[in-house]
Amino acid sequence: MTNKPRVLEILLLARQLHKGSPSVATRRRREVPMLARVLSAAIAGVDARPVEVECDVGAGAPTFDTVGLPELAVREARVRVRAAIRHGGLPFPKTHVTVNLAPADLRKDGTSFDLPVALAVLAAEIGRAHV
């Protein structure tokens, strides 16, 4: 089973959010934190181990933190994800963004987590605006 329809749904909702409506703007002022989860996988030797990418978008200074034993390339994903979302014509959250890569005992490296992180950020932002 593919998650392609879900990805497209998230992107369409993000684009609608970007266009803005009075009700979305009013709800956005409440600063309700939102947690979004996206499933991914990490390579461990010759095996693929499931990794859950959780994103929390909440009130606070506009920072981007990645936790869960990420390697340097994964920590740098914040720059690539921010650029990809903005170049896609979508708004990047102007609040505190925390991304957790679980399980924490598994090392995560490479750029393979860029798409799951971007989807989690968009899903959390959309969920926060629709609460």
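Okay, let's start with a charged pair: arginine 37 and glutamate 52 meet through their side chains in a salt bridge, at 3.0 Å from N to O. Keep in mind that this is a predicted model. The two partners come from separate strands, arginine 37 from β1 and glutamate 52 from β2, and they sit 15 residues apart in the chain.

Now, arginine 37 has another partner. Glutamate 54 also makes a salt bridge with arginine 37, and there the closest N and O atoms are 3.3 Å apart. Glutamate 54 is in strand β2 and arginine 37 in strand β1, so this pair ties together parts 17 residues apart in sequence. Put those together and you get a network of salt bridges linking Arg37, Glu52 and Glu54.

How exposed or buried are these three? Arginine 37 is exposed, at 55% relative accessible area. Glutamate 52 counts as partly exposed, with 25%. Glutamate 54, at 18%, is buried, because the cut-off for buried is under 20%.

The structure has 4 salt bridges, and one of them is elsewhere: glutamate 71 with arginine 107, 2.3 Å from N to O. Both ends are in loops here, glutamate 71 between β3 and α3, arginine 107 between β4 and α5, so the bridge ties together parts 36 residues apart in sequence. Glutamate 71 is partly exposed at 24%, while arginine 107 is exposed at 51%.

Right, on to the aromatics. How many aromatic pairs does the count come to? Just 1. That's phenylalanine 64 and phenylalanine 92: the ring centres are 6.1 Å apart and the planes are at 25 degrees, so we call the pair stacked, the cut-off for that being under 30 degrees. Phenylalanine 64 belongs to strand β3, phenylalanine 92 to the loop between α4 and β4, and 28 residues separate them. Both of these phenylalanines are buried.

Last bit, the nonpolar core. The largest one has 29 residues, and the members touching the most other members are Val53, Cys55, Ile85, Val97, Val99, Val117 and Val121. β1, β2, α4, β4 and α5 are the elements giving two or more residues to this core, and α5 gives the most, with 9.

If you want one residue to click on, try valine 121. Which residues is valine 121 in contact with, leaving aside neighbours within four places in sequence? Cys55, Val57, Phe64, Ile85, Phe92, Pro93 and Val97. So there's our stacked pair again, with Phe64 and Phe92 both in contact with valine 121.

Terms used: Residues numbered from 1 in each chain as written. Predicted model: local features only at pLDDT ≥ 70, side-chain atom pairs only at ≥ 80, totals over all residues. Heavy atoms only, no water. Phe/Tyr/Trp six-rings, centres within 6.5 Å; stacked < 30°, edge-to-face > 60°. Helix = DSSP H or I, 4+ residues; strand = E, 2+ residues; numbered from the N terminus. Buried < 20%, exposed > 50% of the residue type's maximum accessible area, 1.4 Å probe, protein only. Core = buried A, V, L, I, M, F, W, Y, C linked by side-chain atoms within 4.5 Å. Contact = heavy atoms within 4.5 Å.
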